[in-house]
Structure formats: C-alpha cells, structure tokens
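Open the model in your viewer and get ready to select residues by number. We will make a few stops, one at a time.

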Amino acid sequence: MLIETVVLGSFQCNCTIIADEKTRDALIIDPGDEPDKILEIIKHYNLNVKYMLHTHAHLDHIMGTRKVKEQTNGQILLHKDDNEIYNNLKMQGSFFGFDLQDPLKVDQFIEDNQIISLGDSIKTKVIHTPGHSPGSVCFHFDN
C-alpha cells in the first residue's frame with residue numbers, strides 16, 4: 001500500500017493519497033487545496049484515482065476537488081448531511097476572500113458503516129462522526 005500525506009493551502013489541511021501498489025488504483029482523502037500538487041503526486045506514481053473521500057465539506061477540505069475530478073475523473077464521495085455546506089463552497093470562500101467556482105456534483109453519498117474497497121487489498125469503513133459538521137466522517141482502514 002502506498003500512503004502519502006501532504007499539507008496544502010493557507011489552511012494547512014492534510015490531504016492523504018492511498019493507493020494499491022499492484023493495481024495503481026488510488027483514493028484521495030480531503031483534496032482541500034493546491035490541486036496541482038495533488039495531481040503531481042498522482043502522475044509521479046502513475047495512479048488511477050477512483051475516489052475522492054471527504055471527511056467533511058468545509059472549504060479547506062474541498063477547494064481542490066473540482067480540478068482533481070476534472071483531471072482524473074475520480075468519484076466525489078461525501079456524507080449527505082454535509083451536502084448543503086458542500087454546495088455553498090462559493091459562499092464559504094467569500095468569507096475568506098477566495099473567489100471560488102461552484103463545486104461539481106457529488107457522485108456518491110456515503111453512509112455510516114459503509115465499506116469502500118480499492119484495488120485488491122484496501123478497504124475502509126465509513127464512521128459518521130457529526131459534530132465538526134453534520135456530515136463529518138472518519139475512515140477506518142484495517143490494514
């Protein structure tokens with residue numbers, strides 16, 4: 001398993017890329033900013049992005065999602081309880097002086113206890129942890 005975490009943007013949000021080394025399938029957790037840095041890592045390791053998982057929909061966790069999706073066609077996954085926050089990305093950005101585009105449509109809403117599989121050996125369980133936002137989630141990886 002390949003794991004790489006980078007700290008991105010003015011909010012210094014962690015973004016983690018996890019990939020199956022055999023299949024080169026990858027997921028990205030919280031592509032929050034600096035999508036070119038994320039795409040550089042994807043290119044460096046020759047990865048095929050299947051999913052972009054979001055722990056929640058605050059702007060520092062979703063600002064890079066549009067460009068990464070447009071370049072990789074990875075599916076956007078988010079808990080449905082954060083959809084309203086996600087769809088208000090432009091407004092969130094305006095509070096901090098960012099001029100942002102509207103986000104792309106969420107491809108799949110994730111739920112508590114859902115299992116997301118990647119490649120031959122990677123599985124993560126979604127754990128709904130509302131508090132920071134209504135749709136906050138954690139991802140538990142067995143391996």
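**Stop 1: the largest pocket**

This is a predicted model. Begin with the lining of the largest pocket: seven of its residues are nonpolar, three are polar and five are charged. How much space lies in the largest pocket? About 210 Å³. The lining has 15 residues. Select M63, G64, R66, L100 and Q101, which are the closest to the pocket's centre. Now colour helix α3, residues 65-72. Helix α3 gives the most to this lining, with three residues. As for the method, rolling a probe the size of a water molecule over the atoms shows where empty space is left.

**Stop 2: a sheet of three strands**

Hide the pocket residues. Show the strands β7, β8 and β9 as a cartoon. They form an open sheet in the order β7-β8-β9, and the pairing is antiparallel. Which strands are at the edges? Select 115-118 for β7 and 137-141 for β9. Each of these edge strands pairs on one side only. Turn the sheet and follow its twist, which averages 30° from one strand to the next.

**Stop 3: the hairpin of β7 and β8**

Zoom in on β7 and on β8, residues 122-128. The two run antiparallel, and four bridges join them. Pick out two facing pairs. I116 in the first pair stands opposite T124 of β8. S117 in the second pair stands opposite K123, also in β8.

Next, find the turn. Three residues lie between the strands of this hairpin. Click on G119: its phi is positive, near 60°.

Show the side chains of β7. Which residues are on its covered face, and which on its uncovered one? I116 and L118 are on the covered face. I115 and S117 are on the uncovered face. Compare that with the general pattern: in a regular strand the side chains alternate between the two faces of the sheet.

**Stop 4: V49**

Move to strand β4, residues 48-53, and select V49. Is V49 buried or exposed? V49 has a relative accessible area of 4%, so it counts as buried, the cut-off being under 20%.

What is V49 in contact with, leaving aside its neighbours within four places in sequence? Select A26, I28, I42, T72 and G74 to show these contacts.

For a last step, draw a distance line between the C-alpha atoms of V49 and K37. These residues are twelve apart along the chain, and the two atoms are separated by 14 Å.

Terms used:
Residues numbered from 1 in each chain as written. Predicted model: local features only at pLDDT ≥ 70, side-chain atom pairs only at ≥ 80, totals over all residues. Heavy atoms only, no water. 1 Å grid on protein atoms, 1.4 Å probe; cavity = no way out; pocket = protein on both sides within 12 Å on 5 of 7 lines; lining within 4 Å. Points joined across faces, edges and corners; volume = space filled by probe spheres on them. Nonpolar A, V, L, I, M, F, W, Y, C, P; charged D, E, K, R; others polar. Pairing = 2+ DSSP bridges. Axes fitted to C-alpha atoms, helices over the stretch in contact; angles between N-to-C directions. Buried < 20%, exposed > 50% of the residue type's maximum accessible area, 1.4 Å probe, protein only. Contact = heavy atoms within 4.5 Å.
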